[in-house]
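This briefing is intended for a reader who is meeting the structure for the first time. Please keep the sequence and the model at hand while reading.

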Amino acid sequence: MAFLEVLLRLGGAAVMPHFREPIPVDDKREGQPGFDPVTVADRDAEKAMRAAIKSRYPEHGIFGEEYGVERGESGLTWVLDPIDGTRSYVAGMLHWGVVAGLYDGERTVLGGVYQPVVDELFTGNGRTAWCESQGRKQELSVRACAGLDEAVLCCTHPDVFAGAADLNAFHAVRERTRLSRYGGDCYLYCLLAMGSIDLCVEASLKPYDIQGIIPVVQGAGGIITTWDGGSPEDGGRIVAAGDPRVHAEALELLAG
């Protein structure tokens with residue numbers, strides 16, 4: 001856990017010099033529909049994190065968004081998203097973060113998110129979760145919510161839903177909630193773990209988008225699964241809730 005905290009802060013230190021500065025933005029989908037930005041900040045952060053892992057745990061594997069898989073010998077793999085929310089990052093917005101998790105082949109045993117602009121570090125081990133900010137570290141806990149009609153729902157953007165069926169299912173949930181907001185990427189799940197919101201519904205997520213987040217949500221007492229109630233480790237269509245009653249109602253609507 002101590003190394004995870006160092007790793008996240010190292011990634012944050014690599015991206016901050018470029019934040020709100022004029023830097024080139026490449027498109028990973030060039031020649032294809034959509035826009036998937038990547039910058040020197042993403043690449044520098046992942047390089048720095050990979051170097052730290054190789055120095056401290058040379059037997060561990062690494063799976064990062066920008067540079068792919070390097071297999072290890074231990075059965076443990078560090079899963080890295082150097083900037084989760086690059087679209088927000090290049091727009092100068094604050095809801096993005098450095099994400100990392102340690103995956104044992106079945107589940108992510110440690111994970112965390114670091115937002116370096118406000119210096120908030122979220123970490124979890126699936127049993128407990130913490131937020132360290134301004135020199136203070138406190139344990140996180142989700143809040144109780146009796147049902148969707150009392151819930152605050154967040155989602156990064158409607159474009160995460162691949163087709164009309166998924167988007168309609170999301171809207172069926174959204175229409176039942178008290179309040180819904182867009183934007184946030186990884187930070188949404190931190191808000192859930194803090195007890196500020198009640199529900200996150202997303203889709204089209206990659207393993208590196210979600211694995212570092214899972215131990216934080218679960219450690220704070222939340223539930224995170226796929227839309228069919230399965231394991232979220234491989235990404236895809238994800239629903240996270242602070243209260244099991246909200247999770248159950250959302251699953252029922254998402255199933256159509």
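The points below go from the whole chain to its two sheets and then to its helix contacts.

The model described here is predicted. The chain contains eight helices and 15 strands. Its radius of gyration is 17 Å, close to the 18 Å that the globule rule gives for 256 residues, so the chain is as compact as a globular protein of that length. The C-alpha trace spans about 50 × 45 × 35 Å along the principal axes.

**The sheet of eight strands**

- One open sheet is built from eight strands, in the order 4-3-5-6-7-8-9-10, and its pairing is mixed.
- Strand 4 (68–70) and strand 10 (136–139) are the edge strands; each has a single partner strand, so one side of each is left without a neighbour in the sheet.
- On average, and with direction ignored, neighbouring strands of this sheet are turned by 15° against each other.
- Strand 3 (residues 61–64) pairs with strand 4 in the antiparallel sense, over three bridges.
- G64 has G68, in strand 4, as its bridge partner.

**Helices packed on the sheet of eight strands**

- Helix 2 packs on this sheet and touches strand 3, strand 4, strand 5 (77–84) and strand 6 (97–103). The direction of helix 2 makes about 155° with that of strand 5.
- Helix 5 also packs on this sheet, where it touches strand 5, strand 6, strand 7 (108–115) and strand 8 (120–124). The direction of helix 5 makes about 70° with that of strand 8.

**The sheet of five strands**

- A sheet of five strands, likewise open, has the order 12-11-13-15-14 with mixed pairing.
- At its edges are strand 12 (179–182) and strand 14 (223–226), each of which pairs on one side only.
- Neighbouring strands of this sheet are turned by 20° against each other on average, when direction is ignored.
- Strand 11 (residues 152–155) and strand 12 run parallel and are joined by four bridges. C154 has R181, in strand 12, as its bridge partner.
- Strand 13 and strand 15 run antiparallel, with five bridges between them. L205 is bridged to G236 of strand 15.
- Strand 14 and strand 15 also run antiparallel, joined by four bridges. Here T225 has V239, in strand 15, as its bridge partner.

**Helices lying across the sheet of five strands**

- Helix 5 (residues 186–194) lies across strand 11, strand 13 (199–205), strand 14 and strand 15 (236–241). Relative to strand 13, helix 5 runs at about 155°.
- Helix 5 thus has contacts listed with strands of the five-strand sheet and with strands of the eight-strand sheet.
- Helix 8 (residues 244–254) lies across strand 13, strand 14 and strand 15, and runs at about 150° to strand 15.

**The contact of helix 1 with helix 2**

- The axes of helix 1 (residues 2–15) and helix 2 (residues 40–56) come within 8 Å and cross at roughly 150°. The two helices are therefore roughly antiparallel to each other.
- Helix 1 passes helix 2 in a right-handed crossing.
- From helix 1, the residues in contact are F3, L7, L10, G11, A14 and V15. They meet A41, D44, A45, A48, M49, A52, I53 and R56 of helix 2.
- By class, the residues of this contact comprise 11 nonpolar, one polar and two charged.

**The contact of helix 4 with helix 8**

- Helix 4 (residues 164–174) and helix 8 have axes that come within 8 Å and cross at roughly 145°.
- The crossing of these two helices is right-handed.
- A169, F170, A172 and V173 of helix 4 meet A250, L253 and L254 of helix 8.
- The contact of helix 4 with helix 8 has seven nonpolar residues, with no polar and no charged ones.

Definitions and conventions
Residues are numbered from 1 along each chain as its sequence is written. This is a predicted model: local features need pLDDT of at least 70, side-chain atom pairs count only at pLDDT 80 or more; totals for chains, interfaces and linings use all residues. Side-chain values use heavy atoms; hydrogens and water are left out. Two strands pair if DSSP finds at least two bridges between them. Axes are lines fitted to C-alpha atoms, for helices over the stretch in contact, and angles run from 0 to 180 degrees between N-to-C directions. Contact means heavy atoms within 4.5 Å. Angles under 35 degrees count as roughly parallel, over 145 as roughly antiparallel, 65 to 115 as roughly perpendicular and the rest as oblique. A crossing is left-handed if the near helix is turned anticlockwise from the far one by less than a right angle, and right-handed if clockwise. Ala, Val, Leu, Ile, Met, Phe, Trp, Tyr, Cys and Pro count as nonpolar, Asp, Glu, Lys and Arg as charged, and the others, Gly among them, as polar. The radius of gyration is taken over C-alpha atoms; the globule rule is 2.2 Å times the number of residues to the power 0.38.
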